[in-house]
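Trainee: I have a structure open in front of me and would like to learn how to read its features. Could you take me through a few of them?

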Amino acid sequence: MLTSRYILRRFGRLAAFTGLTIWALGTIFMLLRGNAELFQRFGALGAAASILFFTDRLTKIELGRQKTVEKLLHEYGIELMAIKQGKPPTEIPQEGYAVDFLTEERNFDQLRTQAEMFNFLNVMLLTVATLQWGFGDRIVHRFMACGEWVC
């Protein structure tokens, strides 16, 4: 069961990176060739790659957040158990993880920053790919092929 989950997760990541690469290379190649029809079709691939790629990235960030929360909750549980057993507060950090709470706060800040960056990139790529998908043929005709919106 774990092996199949690992393979599927890797396959999803591979599909996302492959789709994003094919979209970028295909878009540039079709734009340089002036092929309006295929340029427009690569927009659909870009939208799909955006969804796959950034869903994978944001899932990774969420798993990192959960790991940090679990460490903090585990530390609080150990400290609470030690206090219930009558240990003096000065001896509590010797038990459990001895988590540095300031470091964990910095980890949360780093995860928030990564999530904001990936969200921004997702919106930008999805916008560009959607415009390419919807109006790609017109853009190529106007700026690359014949100088008119329709040739």
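Mentor: We will go through one helix, one residue beside it and one patch on the surface, bearing in mind that this is a predicted model.

Trainee: Where does helix α3 bend, and by how much?

Mentor: A bend is read by comparing the direction of the helix axis before and after a residue. Helix α3, which covers residues 101–145, bends by about 80° at F135, and just after this helix G147 takes a positive phi of about 85°.

Trainee: Which residues of α3 are buried, and what do they pack against?

Mentor: The buried residues of α3 include E104, F108, L111 and F118, and further along the helix also G136, D137 and V140. The buried residues of α3 pack against α1 (2–33) and α2 (36–84).

Trainee: Is T68 buried or exposed?

Mentor: A residue is called buried when its relative accessible area is under 20%. T68, which lies in helix α2, has a relative accessible area of 7% and is therefore buried. Leaving aside neighbours within four places in sequence, T68 is in contact with E104, N107 and F108, and of these E104 and F108 are themselves listed among the buried residues of α3.

Trainee: Which residues make the nonpolar surface patch?

Mentor: The patch, of about 740 Å², is made by L131, F135, I139, F143, M144, W149 and V150, so that F135, where α3 bends, is also one of the patch residues. W149 is found in the segment after α3, and because its relative accessibility is 48%, W149 counts as partly exposed.

Definitions and conventions: Residues numbered from 1 in each chain as written. Predicted model: local features only at pLDDT ≥ 70, side-chain atom pairs only at ≥ 80, totals over all residues. Heavy atoms only, no water. Bend = angle between axes of the 7 residues up to and from the residue. Helix = DSSP H or I, 4+ residues; strand = E, 2+ residues; numbered from the N terminus. Buried < 20%, exposed > 50% of the residue type's maximum accessible area, 1.4 Å probe, protein only. Contact = heavy atoms within 4.5 Å. Patch = residues over 30% accessible without salt bridge, like charges linked within 9 Å, V, L, I, M, F, W, Y side chains within 5 Å. Areas by Shrake-Rupley, 256 points an atom, 1.4 Å probe, with all protein chains shown as cover. Salt bridge = Lys/Arg side-chain N within 4 Å of Asp/Glu carboxyl O.
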